[in-house]
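Me: I should like to learn how the terms used for a protein model are justified. May I put some questions about the one shown here?

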Amino acid sequence: MKKFNKHIIQENETLQSIARLYDISKDDLVFFHNNHCKIEDNILIHLTKQKEIFLPRTAVVDKNKLVKFGHGNGLVFQPENSFLKYGVIITIENNGKKNEIKYNTSVRWVKYENGFHFFEIDRISILFLNDEEVNEIADLLAYKTSKVLYPMQISVNQQGKFNNVENAYVFKERWNAVKEDVYKEFEGEIVDEYCRKIEEVLAEPNSLFIFIKNDYFIRTLFFGIYQKFNQNYLIEMTETFPVINNAVEPKYKIEVEIDPLKDDYDLINISGNGKLYDERSRYDFINGAPFSLIIEDSPLINDDGNLRLQYYLNGETQLPESLYLECDINLEKRKKISVVVSVMTD
């Protein structure tokens, strides 16, 4: 993000006229400029040989270009009555293999209750694996049995972060119909075993919650970016992401920055970069340990992993239009998850 704006000085302009143009005091204008320009371009009392003036990032003529913040530079989450369709691309790179999954989904706001927003999520397309419609029996089974989950209702807190699955009770009710459809197309021990595993997950609420919590699309869309940013429009967040299958997800420390000005497409730009920040070693993660197997007063922090995000929000509604999240961790080989989410226009 640019840290400042620049004003090209026109003939007959003065400090007072420029300050008035941007609705900023003359003293603040001089102070900011002198802290960003070369020494020889400092302003003492009046403009002299300066050709341009450095301005605060929020000093603009068109106030509609400013992002609408709430109290304390808080980005406000107001999804009421929204209904959006997204195209989703998930890329999984692991042990030298790379797979890409594509599908479309819809996200509809349902209600606000007890401090949480409720959304209904539905799959609205077939599933593509590496640009081909799924056809391997394992992939087809995974796709067809996943229909038991949709439409799914989830709750999200006021920071836009996933909280819980709210309609898990209906999954068991749907299962008999889904299972019947599966057995119309497939038969054999592989199918029996797959259905048995699905039934085990459906029977155990904690397992079901973890299964849905590991959904990369849900976790990317509802990452929790509606935060209060400091005066430099930065915030440090410590978040987890299901880059590996572990009951306790790897933790990352991320610096997130928001541009207080909308871009030329009227989008709000948010970017973040972070490193793994976990006491568990690479071997702990490989072995599926939920905590460090070595107890120390000053544990060595494992930072051999990265998380990067780039979010573009609609400048008016402040809801996501285009998102990119990339997360990796070093195991025996590096595993990386990339998630791309883009709003679909009819």
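Me: What makes up the lining of the largest cavity, by class?
Reply: The lining has eleven nonpolar, two polar and no charged residues. Here Ala, Val, Leu, Ile, Met, Phe, Trp, Tyr, Cys and Pro count as nonpolar, Asp, Glu, Lys and Arg as charged, and the others, Gly among them, as polar. This is a predicted model, in which local features need pLDDT of at least 70 and side-chain atom pairs count only at pLDDT 80 or more, while totals for chains, interfaces and linings use all residues. Residues are numbered from 1 along each chain as its sequence is written, and side-chain values use heavy atoms, with hydrogens and water left out.

Me: Why are D259 and R57 called a salt bridge?
Reply: The term requires a side-chain nitrogen of Lys or Arg within 4 Å of a carboxyl oxygen of Asp or Glu. The side chains of D259 and R57 meet at 2.8 Å, N to O, so the pair fits the definition.

Me: What makes D266 and K262 a salt bridge?
Reply: Their closest N and O atoms are 3.9 Å apart, which is therefore also within 4 Å.

Me: Why is K262 called buried, and D266 partly exposed?
Reply: Buried means under 20% relative accessible area, exposed over 50%, and partly exposed in between (1.4 Å probe, protein chains only). K262 has 8% and so counts as buried, whereas D266, at 37%, counts as partly exposed.

Me: How do you know that D131 is exposed?
Reply: The relative accessible area of D131 is 53%, so D131 passes the limit of over 50%.
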